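Work through the exercises below with the sequence and the model open. Each task is followed by a solution in steps.

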There are 2 protein chains.
Amino acid sequence: MSPGEGARPGRGRGRRAPGDAEAAILAAARRRFGDHGFGGATIRAIAADAGVDPALVLHYFRSKADLFAAAMQVPIPVDTARQLVEQASDGDIGQLGEALLRTVLAVWEDPDGRAAWLGMLRSAVADERAAAMLREFLVDVLLRPAAEALGGADAERRLALAASQIVGLGVIRHVVELEPLASAPPDDLVAAVAPTLQRYLTGPLGPDRR
Amino acid sequence: MSPGEGARPGRGRGRRAPGDAEAAILAAARRRFGDHGFGGATIRAIAADAGVDPALVLHYFRSKADLFAAAMQVPIPVDTARQLVEQASDGDIGQLGEALLRTVLAVWEDPDGRAAWLGMLRSAVADERAAAMLREFLVDVLLRPAAEALGGADAERRLALAASQIVGLGVIRHVVELEPLASAPPDDLVAAVAPTLQRYLTGPLGPDRR
């Protein structure tokens, strides 16, 4: 059961305590992450704010990263992204660009995934603190582990470049809705954009790089 | 004299009528573009709303595109972008990706340019109508003429792909402020990203393309 699915049935007023506890944890998490950032907020403090035991927080949300993703509605399949890079570093690295892009496109094709993604972008663009939280989360949870799996001195730069192309594709396709990209079939996008991601992740990055 | 520069001295209260007229035109333009989009708003109607002659509108803002850019603070050096593509199509097409990226990076390095760019992004992300206006403006004023200059059946797709990489780089560098891209020197970004733009504009776009 995902955290998001678990929270819904409990929202019926007074119907069951576990749902209330989950909602209280999510509300406390939003406040704590907002005030202290991803790194500064602790499971212990969030549990205390919500009036529950820390073990219950971990029962509902397996880790601080998963709690953050649920509280902030971060539409990143954290495990999937990590697994992608880990699998790729085990041999299939020539397909990493395409695998990453297909994962992202699948999130956007799902209306909930797309709404969550747009919500995250909207918060980051509107509010510097939300942008800082998102950055910290991306780095700690996604990019640094992925960079370790990818290896190489410039792995973080490579992942940030890949992120720039992915974010921009999302903005042009789903915010500006610029044709022909807005209604392009995923295979068309993969043909055009996966080679970019592959070069950013594993290819030569240009002659000026020191 | 650019419209932006021209508007400032006139803002001193009651000091001179031309500044007031200019401010009235800009206010009327924002309302008209907001209600009718870029295509539906006319210079004549904007002039009538502002209580001035249409010729005065064109005196201050040479064209509807320039008026839109001034009213919406669109940080796109319209003439520069058009000239870039036109120059490139005259022979220097192998450098178009780098020339385009250096032009954009120069806009972002300027604090006013960056603020205007972020304001435009914020509006488009927060509000569907602003996103639609921006799209219509981009297509009518920038992308279609650029596509004609670039030529080829898929020129609009190529330009939209280039736009996706440029927008994403702006979001990662100046909104999320993700390192090492946030503080990368322009030459580093050019080395990594210009080949992407060049491929989108003039290179092969992948085997799946029909």
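**Exercise 1: The loop between H10 and H11**

Pro180(B) sits in the loop between H10 and H11 of chain B. The model is a predicted one.

Task: State which residue is joined to Pro180(B) by a cis peptide bond, and give omega.

Solution. Step 1: the partner is Glu179(B), and the bond between Glu179(B) and Pro180(B) is cis, with omega about 5°. Step 2: turn to chain A, where a cis peptide bond joins Glu179(A) and Pro180(A), with omega about 5°. Step 3: locate Pro180(A), which lies in the loop between helix H10 (155-175) and helix H11 (186-202) of chain A.

**Exercise 2: A positive phi**

Task: Decide whether Glu177(A) counts as buried, exposed or partly exposed, and do likewise for Glu177(B).

Solution. Step 1: place the residues. Glu177(A) is in the loop between H10 and H11 of chain A, and Glu177(B) is in the loop between H10 and H11 of chain B. Step 2: note the backbone. Glu177(A) is not a glycine, yet its phi is positive, about 50°. Glu177(B), also not a glycine, has a positive phi of about 50°. Step 3: apply the cut-offs, by which 20 or more C-beta neighbours within 10 Å make a residue buried and 12 or fewer make it exposed. Glu177(A) has 16 C-beta neighbours inside 10 Å, so it counts as partly exposed. Glu177(B) has 17 inside 10 Å and therefore counts as partly exposed.

**Exercise 3: Chain A as a whole**

Task: Describe the make-up of chain A in helices and strands.

Solution. Step 1: count the elements; chain A has 11 helices and zero strands. Step 2: read along the sequence, which gives the pattern α-α-α-α-α-α-α-α-α-α-α. Step 3: consider burial; 40% of the 210 residues of chain A count as buried. Step 4: take the contacts in chain A between residues at least 6 apart in sequence; 60% of them join residues at least 24 apart.

**Exercise 4: Two helices that pack**

Task: Classify the packing of H8(A) and H9(A) from the angle between them.

Solution. Step 1: helix H8 (residues 111-126) and helix H9 (residues 128-150) of chain A pack at about 120°, and their axes are 5 Å apart. Step 2: the two helices are therefore oblique to each other. Step 3: list the residues that make the contact. H8(A) supplies Met120(A), Ser123(A) and Ala124(A), while H9(A) supplies Ala130(A), Ala131(A) and Leu134(A). Step 4: sort them by class, which gives five nonpolar, one polar and no charged.

**Exercise 5: The span of a helix**

Task: Check the span of H7(B) against the value expected from 14 residues.

Solution. Step 1: helix H7 of chain B covers residues 96-109, and at 1.5 Å a residue it should span 20 Å. Step 2: its end C-alpha atoms are 20 Å apart, which agrees. Step 3: pick out its buried residues, namely Leu96(B), Gly97(B), Ala99(B), Leu100(B), Leu101(B) and Val104(B).

**Exercise 6: Where the chains meet**

Task: Find which helix gives the most residues to the side of chain B that touches chain A.

Solution. Step 1: the contact takes 40 residues from chain B and 40 residues from chain A. Step 2: on chain B, the elements giving two or more residues are helices H8 (111-126), H9 (128-150), H10 (155-175) and H11 (186-202). Step 3: H10(B) gives the most, with 14 residues. Step 4: by class, this side of chain B has 26 nonpolar, five polar and nine charged residues.

Terms used. Residues are numbered from 1 along each chain as its sequence is written. Chains are lettered from A and ligands numbered from 1 in the order in which they are written. This is a predicted model: local features need pLDDT of at least 70, side-chain atom pairs count only at pLDDT 80 or more; totals for chains, interfaces and linings use all residues. Two residues are in contact if their C-beta atoms, placed from the backbone, lie within 7 Å. Helices (H or I, at least four residues) and strands (E, at least two) are DSSP runs, numbered from the N terminus. Ala, Val, Leu, Ile, Met, Phe, Trp, Tyr, Cys and Pro count as nonpolar, Asp, Glu, Lys and Arg as charged, and the others, Gly among them, as polar. The expected span of a helix is 1.5 Å times one less than its number of residues. Axes are lines fitted to C-alpha atoms, for helices over the stretch in contact, and angles run from 0 to 180 degrees between N-to-C directions. Angles under 35 degrees count as roughly parallel, over 145 as roughly antiparallel, 65 to 115 as roughly perpendicular and the rest as oblique.
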